[in-house]
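Work through the following exercises with the sequence and the model open. Each task is followed by a solution in steps.

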Amino acid sequence: MARKATATKAKMQPNVPQFTQEQDLEAFREMLLIRRFEEKAGQMYGMGLIGGFCHLYIGQEAVVTGITMASKKGEDSQITGYRDHGHMLVMGLDPKGVMAELTGRQGGLSKGKGGSMHMFSNEHRFYGGNGIVGAQASLGTGLAFASKYKGDGSVAIAYFGDGAANQGQVYESFNMAKLWKLPVVYIIENNKYAMGTSIERAAATTDFSMRGASFDIPGEQVDGMDVRMVYDAAQRAIEHARSGNGPYILEMLTYRYRGHSMSDPAKYRSKDEVTKYRQERDPIEQVRARLIEGGKATEEDLKAIETEIRAIVTEAADFATNDPEPDASELWTDITIKA
């Protein structure tokens, strides 16, 4: 007789949580900064100012914004894969340093040596930017182990995509996290296509929130295009982990508007599908409409924020274009050599 899994799928909240004016404005500003920054990064990539790989977060802004709003900045750690620019911006890292890293300049967050996929800030408790698919799941579990070992009360938040969710190391991490009741929240950013293959063709079970069932890890699916729903679910998940109850899984149902990377023409999906998400589900436009229709802000107020954000992004782009490249001696720094 088959044994029924003890983990249950958490029920989705029946009512949409409401944001205060301050929360809506914060969410609007943060998501708009990510969107305009990524658009500029895409433009600079096309101009040849950014080389190598470049994975944009356009369309998925509500995920990291809502989760970061629910976390304790400067205390809770975050780690993600190579689609990492937006995560750093929301965590408070300098846009100039992020953009300069993309262009390989000395003022970049990794001194121009890491590029798009490898940025890091111990000060902000952001641990990458990791190029190996699924690596952040096991590394994030390690961050949670460190938190429990030190007893500092922090929670590790590990983001990975629907493609990485099929990696073996993810399930090894789930087992260890549950066994030791580690304070970690696993965020599966399900943008439907991984690197270019739809989840229906790549995954035997497409409800990723239940991927921890065999380890008795609770999980839930969340509308990752609505920052309020993300924030609400993240509060529950983070509190669960912080209270000593072990790991929690949040599957964020989201969508990227661009290809997997700048080199991906994304011909595996229709233009109509992308247009539908942009017109009906865009996370930034949802907040914009709420602010105006609810009388929380005027068109002029939001235009002023737009102007401010564009100035920040322009300044970052100018800095990243004119900042010197690293000195050749930097090739020998930050390297551990064993005799």
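**Exercise 1.** State which helix holds glycine 142, and decide whether glycine 142 is buried, partly exposed or exposed.

Solution. Step 1: in this predicted model, glycine 142 belongs to helix 5, which covers residues 135-150. Step 2: the relative accessibility of glycine 142 is 36%. Step 3: buried requires under 20% and exposed requires over 50%, so glycine 142 is classed as partly exposed. Step 4: for a distance check, take alanine 202, which is 60 residues from glycine 142 in sequence; their C-alpha atoms are 28 Å apart in space.

**Exercise 2.** Judge where the model can be read in detail, using pLDDT.

Solution. Step 1: the average pLDDT over the chain is 94, and 96% of the residues reach at least 70. Step 2: residues 1-6 stay under 50, and the model has two contacts beyond four places in sequence for them. Step 3: predicted coordinates should not be read in detail where pLDDT is low.

**Exercise 3.** Find the residues that serine 173 touches beyond four places in sequence, and assign serine 173 to a helix.

Solution. Step 1: serine 173 sits in helix 6, residues 168-179. Step 2: its relative accessibility is 4%, so serine 173 counts as buried. Step 3: with residues up to four places away left out, serine 173 touches Ala137, Ser138, Thr141 and Tyr186.

**Exercise 4.** Determine how many residues of helix 2 are buried.

Solution. Step 1: helix 2 runs over residues 61-70. Step 2: its buried residues are Glu61, Ala62, Val63, Val64, Thr65, Gly66, Ile67, Thr68, Met69 and Ala70. Step 3: that is 10 of the 10 residues, so helix 2 is largely enclosed by the rest of the structure. Step 4: one contact of helix 2 can be found from threonine 254, whose partners include Val63.

**Exercise 5.** Place threonine 254 and glutamate 101 in the chain, and list the contacts of each.

Solution. Step 1: threonine 254 lies in the loop that joins strand 5 (248-253) to helix 9 (271-280). Step 2: its relative accessible area is 1%, so threonine 254 is buried. Step 3: beyond four places in sequence, threonine 254 is in contact with Gly59, Gln60, Val63, Glu189, Asn190, Asn191, Lys192, Gly224 and Met225.

Step 4: glutamate 101 is in helix 4, residues 95-102. Step 5: with a relative accessible area of 0%, glutamate 101 is buried. Step 6: beyond four places in sequence, glutamate 101 is in contact with Gly108, Leu109, Ser110, Lys111, Gly112, Lys113, Gly114, Gly115 and Met119. Step 7: for the pair of glutamate 101 and lysine 111, the separation is 10 residues in sequence and 6.8 Å between C-alpha atoms.

**Exercise 6.** Describe the positive phi of lysine 181 and of aspartate 334.

Solution. Step 1: most residues other than glycine have a negative phi. Step 2: lysine 181, not a glycine, has a positive phi of about 50°. Step 3: lysine 181 is in the loop between helix 6 and strand 3 (184-190), and its relative accessibility of 43% makes it partly exposed. Step 4: aspartate 334, also not a glycine, has a positive phi of about 60°. Step 5: aspartate 334 falls in the segment after helix 11 (299-322), and at 62% relative accessibility it counts as exposed.

**Exercise 7.** Characterise the largest pocket and the second largest cavity.

Solution. Step 1: the largest pocket holds about 340 Å³ of space. Step 2: its lining has 22 residues, and those nearest its centre are Tyr82, Arg83, Phe160, Gly161 and His260. Step 3: strand 2 (residues 156-161) gives the most to this lining, three residues. Step 4: by class, the lining of the largest pocket has nine nonpolar, 10 polar and three charged residues.

Step 5: the structure has two cavities of 30 Å³ or more, and the volume of the second largest cavity is about 30 Å³. Step 6: among the residues lining the second largest cavity are Asp162, Gly163, Asn166, Ala202 and Phe208. Step 7: by class, this lining has five nonpolar, four polar and one charged residues.

**Exercise 8.** Give the helix and strand content of residues 30-328.

Solution. Step 1: an unreviewed UniProt entry lists residues 30-328 as "domain: Dehydrogenase E1 component". Step 2: over residues 30-328 the chain is 46% helix and 9% strand. Step 3: the end C-alpha atoms of residues 30-328 are 36 Å apart.

Terms used. Residues numbered from 1 in each chain as written. Predicted model: local features only at pLDDT ≥ 70, side-chain atom pairs only at ≥ 80, totals over all residues. Heavy atoms only, no water. 1 Å grid on protein atoms, 1.4 Å probe; cavity = no way out; pocket = protein on both sides within 12 Å on 5 of 7 lines; lining within 4 Å. Points joined across faces, edges and corners; volume = space filled by probe spheres on them. Helix = DSSP H or I, 4+ residues; strand = E, 2+ residues; numbered from the N terminus. Nonpolar A, V, L, I, M, F, W, Y, C, P; charged D, E, K, R; others polar. UniProt positions renumbered as here; feature names shortened; annotations may be inferred. Buried < 20%, exposed > 50% of the residue type's maximum accessible area, 1.4 Å probe, protein only. Contact = heavy atoms within 4.5 Å. pLDDT = per-residue confidence, 0-100.
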